[in-house]
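Let's take a walk through this model together, one helix pair at a time. Keep the viewer open and turn it as you read.

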Amino acid sequence: FKHFSFHCYTSFDFGTFFVNDSTGHKMIKDACILNNQANQFFQDNKFKKAIAYYKKAIELDNQNPSFWYNLANAYLFEKDFILAKEAIEQAFKLKSNDEATIELYINILIQNKNLPTAKEICEKSIILFPNSSHLWNLLGVIFFQNEQFSQAQNAFSNALKLEPNFIEAKKNLDDTIEVMQ
């Protein structure tokens, strides 16, 4: 199923981080600078370089869910779905109530063919975010891949009720109706 809605969310709040250098002096390392450099590489489609910089930011602060999210997104664009899953799971552990993190996690689970877990997380997340057209679209993708076409049609229709100009959901709905005929 070719119509996935992948998002790159690259604007987050980042702090300044303190680390000790080899001489024991405190140095201020701004992980935000590394993350912003990585974001620029990402926007330039230099995903391997972006991955390297996101990893450096994570070395400075492995408790920042945004860094893990960005790393997962870069791995996804590199089509390394296993490492993307590992990174998004870290982001999810740190910030499980963030809609963007949940959406990316579900996208990655779908890419990893883990449809039961993707469906479970998606259905729970729709309860938290009932007005999320993207979550409804993802649920439709899961139903479609499970060949549950009437449920897929309903999910895509719900996405379009919430966001009538949602192109991916419209394409997904059209594809589903075509398969059902």
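Before we start, one convention will help: a crossing is called left-handed if the near helix is turned anticlockwise from the far one by less than a right angle, and right-handed if clockwise. With that in hand, turn to helices α8 and α9, whose crossing is left-handed. Please bear in mind throughout that this is a predicted model.

Let's step back for the overall plan. The chain has 9 helices and 2 strands, and along the sequence they follow the pattern β-β-α-α-α-α-α-α-α-α-α. Of the 181 residues in the chain, 44% are buried. Among contacts with a separation of 6 or more, 53% join residues that are 24 or more positions apart.

Now back to the pair we began with. Helix α8 covers residues 149–162 and helix α9 covers residues 167–180; their axes come within 9 Å and cross at roughly 155 degrees. Since angles over 145 degrees count as roughly antiparallel, α8 is roughly antiparallel to α9. On the α8 side, the contact is made by Phe149, Ser150, Ala152, Gln153, Phe156, Ser157, Ala159 and Leu160. Helix α9 answers with Ala169, Lys170, Asn172, Leu173, Thr176, Ile177, Val179 and Met180. Sorted by class, the contact of α8 with α9 holds 10 nonpolar, 5 polar and 1 charged residues.

Next, visit helices α1 (residues 31–43) and α2 (residues 47–60). They pack at an angle of about 165 degrees, with their axes 8 Å apart, and are therefore roughly antiparallel to each other. Their crossing, too, is left-handed. From α1, the residues making the contact are Ala31, Leu34, Asn35, Gln37, Ala38, Asn39, Phe41 and Phe42. From α2 come Phe47, Lys49, Ala50, Tyr53, Tyr54, Lys56, Ala57 and Leu60. The contact of α1 with α2 divides into 11 nonpolar, 3 polar and 2 charged residues. Two of the residues in this contact, Phe42 and Phe47, also join Phe77 in one aromatic cluster.

Phe77 brings us to helix α3, which spans residues 65–77 and also holds Tyr75. Is Tyr75 buried or exposed? Its relative accessible area is 8%, so Tyr75 is buried. Leaving aside residues up to four places away in sequence, Tyr75 touches Ile51, Lys55, Asp80, Leu83, Ala84 and Ala87. Tyr75 and Ile88 are 13 residues apart in sequence, and their C-alpha atoms are 9.8 Å apart in space.

Just past α3, pause at Lys79, which lies in the loop between α3 and α4. The phi of Lys79 is near 65 degrees, a positive value in a residue other than glycine. Lys79 counts as exposed because its relative accessibility is 63%.

Beyond that loop, helices α4 and α5 form another pair to look at. Their axes come within 9 Å and cross at roughly 150 degrees, which makes α4 roughly antiparallel to α5. The crossing of α4 and α5 is left-handed. Phe81, Ala84, Lys85, Ile88, Glu89, Ala91 and Phe92 of α4 make the contact with Thr101, Ile102, Leu104, Tyr105, Ile108, Leu109 and Gln111 of α5. By class, this contact has 10 nonpolar, 2 polar and 2 charged residues.

Let's turn to the rings. How many aromatic pairs does the structure hold? There are 6 aromatic pairs. In one of them, the rings of Phe92 and Tyr105 have their centres 4.8 Å apart and their planes at 45 degrees, so the pair is tilted. Phe92 lies in helix α4 (residues 81–94) and Tyr105 in helix α5 (residues 99–111), so the pair ties together parts that are 13 residues apart in sequence. Phe92 counts as partly exposed, at 22% relative accessibility, while Tyr105 counts as buried, at 9%. Phe144 and Phe149 make an edge-to-face pair, with 5.2 Å from centre to centre and 70 degrees between the planes. Phe144 is buried, with a relative accessible area of 14%.

Our last stop is Glu147, in the loop between α7 (133–145) and α8. The phi of Glu147 is near 60 degrees, again a positive value in a residue other than glycine. Glu147 is exposed, with a relative accessible area of 61%.

Notes: Residues numbered from 1 in each chain as written. Predicted model: local features only at pLDDT ≥ 70, side-chain atom pairs only at ≥ 80, totals over all residues. Heavy atoms only, no water. Helix = DSSP H or I, 4+ residues; strand = E, 2+ residues; numbered from the N terminus. Buried < 20%, exposed > 50% of the residue type's maximum accessible area, 1.4 Å probe, protein only. Contact = heavy atoms within 4.5 Å. Axes fitted to C-alpha atoms, helices over the stretch in contact; angles between N-to-C directions. Parallel < 35°, antiparallel > 145°, perpendicular 65-115°, else oblique. Nonpolar A, V, L, I, M, F, W, Y, C, P; charged D, E, K, R; others polar. Phe/Tyr/Trp six-rings, centres within 6.5 Å; stacked < 30°, edge-to-face > 60°.
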